[in-house]
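Visitor: Could you take me through one part of this model closely, beginning with a patch on its surface and then setting it in the context of the whole chain? Please state the cut-offs as you go.

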Amino acid sequence: MSSSIIQPNKYIEGLKGPLFVAGPCSAETEEQVMATARAISQIKSVKVYRAGVWKPRTRPNAFEGNGEQALKWLQQVKPATGLLTAVEVANAEHLELCLKYNVDIVWIGARTTVNPFSVQEIADGLKGVDIPVFIKNPINPDLKLWIGAIERISKAGIHKIAAIHRGFQAYENSVYRYSPMWDIPIELMAAIPDLPVICDPSHITGKRSMVAETAQKAMNLGMHGLMIESHLSPDDAWSDAAQQITPQTLAELLKNIKIRTQSTDDLAVNDELKHLRTIIDSIDEELLGVIAKRMKAIEKIGNYKRQHNVAIFQPDRLAEILKTRKQFGDNLQLDSDFIEKLLLELHSESIRYQTEIVYKPTLE
């Protein structure tokens, strides 16, 4: 699939760097849509204007968008400002109306991506259509579901595809509205190297004070663009007021953001990176050797437990490991959460190994 993906600079005129998409969470009024578009069009690095037309809200009494009427407003944006327009679609009817009113780009939202039936309905409506489609991650942290949605759109004959990372639902307390879980979009970029991945720091953070730092983190990771919500008067926005920034703040953010490249032609930089990566390669070999040595010890422990009729899982031992190793990790200035995840992975593999290998029943 990746070899058939057309990059945004091939279908967005004047795009020479990352793809920046901006606009209000919702298209509230004709005046608001046009005034915001004119303000954002002054930011030359922004090529696409986004606005919510149908809003999938958690509660039914909240503002749910202006629907088809808003599409008529958006139809005026490109001739007036030169900006392309982008709208979220949740079903085939939305898609049909977007095509009717000449929307340039559609995206599939997180609550839709999570449902393969809805994605397939949109994919069926896209057959024979040449329009860019961006796919947000599903609201739950499921990489396969995200890839599945991308594949459905690709199989419909769409080659202008991008993914949007907008964070994931998490139940633990967090400074983020939706946890970024950066490892998931990184895995997506590794799985489909030609796929442009755009970050939506507005939804990830849920608060305008954190948008800039999260946008920079996305650029540091090599993502291919940003989708940022921008409103002329964010505090008065009809939806998601807390996460929107003014066009002036947006201009300053994009002016100051540092764009990272995937590679460089600087021979000195490449030589130094090669040297440092050689060091990492050597350390990884040592690390894997130590893990193999640990698994040999696990095998001995497992055999001893089996011989003496002792259960594989020992809760007290796990608690002791977590406590003592995390203290040791703290002394080495290693992140406590990382150490805990690493230890739990090692413990999970130890349990699996003892269950499937050491305790595996033999046929007499």
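Guide: Leu-276, Ile-279, Ile-280 and Ile-283 make a nonpolar surface patch of about 340 Å², where a patch is built from residues with over 30% relative accessible area and no salt bridge, nonpolar side chains (Val, Leu, Ile, Met, Phe, Trp, Tyr) being joined within 5 Å and like charges within 9 Å. The salt bridge excluded here is a side-chain nitrogen of Lys or Arg within 4 Å of a carboxyl oxygen of Asp or Glu, and accessible areas come from the Shrake-Rupley method with a 1.4 Å probe, only the protein chains shown counting as cover for residues. This is a predicted model, in which local features need pLDDT of at least 70 and side-chain atom pairs count only at pLDDT 80 or more, while totals for chains, interfaces and linings use all residues. Residues are numbered from 1 along each chain as its sequence is written, and side-chain values use heavy atoms, with hydrogens and water left out.

Of the patch members, Leu-276 lies in helix α12, helices (H or I, at least four residues) and strands (E, at least two) being DSSP runs numbered from the N terminus. Leu-276 counts as partly exposed because its relative accessibility is 41%, which falls between the limits for buried (under 20% relative accessible area) and exposed (over 50%), with a 1.4 Å probe and protein chains only.

Helix α12, which covers residues 267–307, also holds Asp-271, and this residue counts as exposed because its relative accessibility is 52%. Together with Asp-265, Asp-266 and Glu-272, Asp-271 forms a patch of negative charge on the surface. In this description Lys and Arg count as positive and Asp and Glu as negative, with His and the chain ends not counted, and each charge is placed at NZ of Lys, CZ of Arg, CG of Asp or CD of Glu. Over the whole protein there are 42 positive and 45 negative side chains, and the centres of the two sets lie 1 Å apart.

Following the chain onward, the loop between α12 and α13 (315–331) contains Asn-309, whose phi is near 55°, a positive value in a residue other than glycine. Asn-309 counts as exposed, since its relative accessibility is 74%. A second case is Asn-102, with phi near 60°, in the loop between α4 (92–100) and β4 (105–108). As background, most residues other than glycine have a negative phi.

For contrast with these surface features, consider Ser-202 in helix α9 (residues 201–205), which is buried because its relative accessible area is 0%. Leaving aside neighbours within four places in sequence, Ser-202 is in contact (heavy atoms within 4.5 Å) with Val-211, Met-227, Ile-228, Glu-229 and Gln-243. Tyr-11, in the segment before β1 (19–23), counts as buried because its relative accessibility is 16%, and, with the same neighbours left aside, Tyr-11 touches Ile-6, Pro-132, Phe-134 and Lys-160.

As for the whole, the protein has 14 helices and 8 strands, and its C-alpha trace spans about 80 × 55 × 40 Å along the principal axes. Of its 364 residues, 45% count as buried, and the protein exposes about 19,900 Å², of which carbon and sulfur atoms supply 53%. Among contacts between residues at least 6 apart in sequence, 72% join residues at least 24 apart.
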